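Colleague: Please put the model on screen. I will ask, you answer.

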Amino acid sequence: MNQQTPQPVLKPADARGLVCPRCGCQHFRVVYTRRGWGARIIRRRECRHCGRRITTYERAA
Ligand SMILES: [Zn+2]
């Protein structure tokens with residue numbers, strides 16, 4: 001009975017399913033990452049196709 005609890009894999013919730021509202025593509029590059037309130041991580045992303053910028057908020061576990 002010495003099972004190790006597997007570490008939950010941290011998957012960025014925003015990287016998946018994030019769609020550019022303008023051109024509909026899903027390819028973004030991260031302009032910058034910074035810490036927000038508490039454990040929040042703010043990511044500024046830019047669409048590779050049309051250059052639309054999106055700010056996403058992630059919660060660090
Ligand atoms: Zn776009």
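Modeller: One term before we start: a salt bridge is a side-chain nitrogen of Lys or Arg within 4 Å of a carboxyl oxygen of Asp or Glu. This is a predicted model: local features need pLDDT of at least 70, side-chain atom pairs count only at pLDDT 80 or more, and totals for chains, interfaces and linings use all residues. Residues are numbered from 1 along each chain as its sequence is written, and side-chain values use heavy atoms, with hydrogens and water left out.

Colleague: How many salt bridges does that rule give?

Modeller: E46 and R29 meet through their side chains, 3.3 Å from N to O. R45 pairs with E58, the closest N and O atoms being 3.8 Å apart. These two are among the salt bridges counted, and the count comes to four.

Colleague: Which parts of the chain does the pair of E46 and R29 tie together?

Modeller: Strands (E, at least two residues) are DSSP runs, numbered from the N terminus. R29 stands opposite E46 across the strand pairing. The two lie 17 residues apart in sequence, so their salt bridge ties together strand 2, which holds E46, and strand 1, which holds R29.

Colleague: Is E46 buried or exposed?

Modeller: Buried means under 20% relative accessible area, exposed over 50%, and partly exposed in between (1.4 Å probe, protein chains only). R29, its partner, is partly exposed at 40%. E46 has a relative accessible area of 14%, so E46 is buried.

Colleague: Which residues are joined into one network by salt bridges that share partners?

Modeller: E46 also meets R53 in a salt bridge, 2.8 Å from N to O. R53 is E46's bridge partner in strand 3, and R53 is partly exposed at 44%. Shared partners join three residues into one network: R29, E46 and R53.

Colleague: How far apart in sequence are R45 and E58?

Modeller: R45 is buried at 7% relative accessibility, and E58 is buried at 14%. The pair links distant parts of the chain, R45 in strand 2 and E58 in strand 3, and the separation is 13 residues.

Colleague: In what order do the three strands form the open sheet?

Modeller: Two strands pair if DSSP finds at least two bridges between them. Strand 1 and strand 2 run antiparallel, joined by seven bridges. Strand 2 and strand 3 pair over seven bridges, also in the antiparallel sense. The three form an open sheet in the order 1-2-3.

Colleague: Which strands stand at the edges?

Modeller: A strand with a single partner has one side left without a neighbour in the sheet. That describes strand 1 and strand 3.

Colleague: By how many degrees are neighbouring strands of this sheet turned against each other on average?

Modeller: Axes are lines fitted to C-alpha atoms, for helices over the stretch in contact, and angles run from 0 to 180 degrees between N-to-C directions. With direction ignored, the average turn between neighbours is 25 degrees.

Colleague: Which residue in the turn between strand 1 and strand 2 has a positive phi?

Modeller: These strands form a hairpin with four residues between them. The positive phi, about 60 degrees, belongs to G38.

Colleague: And which residue has a positive phi in the turn between strand 2 and strand 3?

Modeller: This hairpin has five residues between its strands. Its positive phi is about 85 degrees and belongs to G51.

Colleague: How many of the eight residues of strand 2 are buried?

Modeller: Strand 2 is largely enclosed by the rest of the structure. C47 lies in this strand and is buried at 2%. The number of buried residues in strand 2 is six.

Colleague: What are the protein donors of the zinc ion?

Modeller: Donors are N, O and S atoms within 2.8 Å of the metal (3.2 Å for Na, K and Ca); water is not among the atoms, so sites may look incomplete. The donor residues are spaced C-x2-C-x23-C-x2-C in sequence. Their SG atoms lie 2.2 to 2.4 Å from the zinc ion, and the residues are C20, C23, C47 and C50.

Colleague: What geometry does the site of the zinc ion have?

Modeller: Four donors count as tetrahedral if all angles lie between 85 and 135 degrees. The angles among the four donor atoms are 100 to 120 degrees, and the site is tetrahedral.

Colleague: How many residues apart in sequence are C23 and C47?

Modeller: C23 is partly exposed at 37%. C23 lies in the segment before strand 1 and C47 in strand 2, so the pair ties together parts whose separation in sequence is 24 residues.

Terms used: Tetrahedral: all angles 85-135°; square planar, octahedral: opposite > 155°, others 65-115°.
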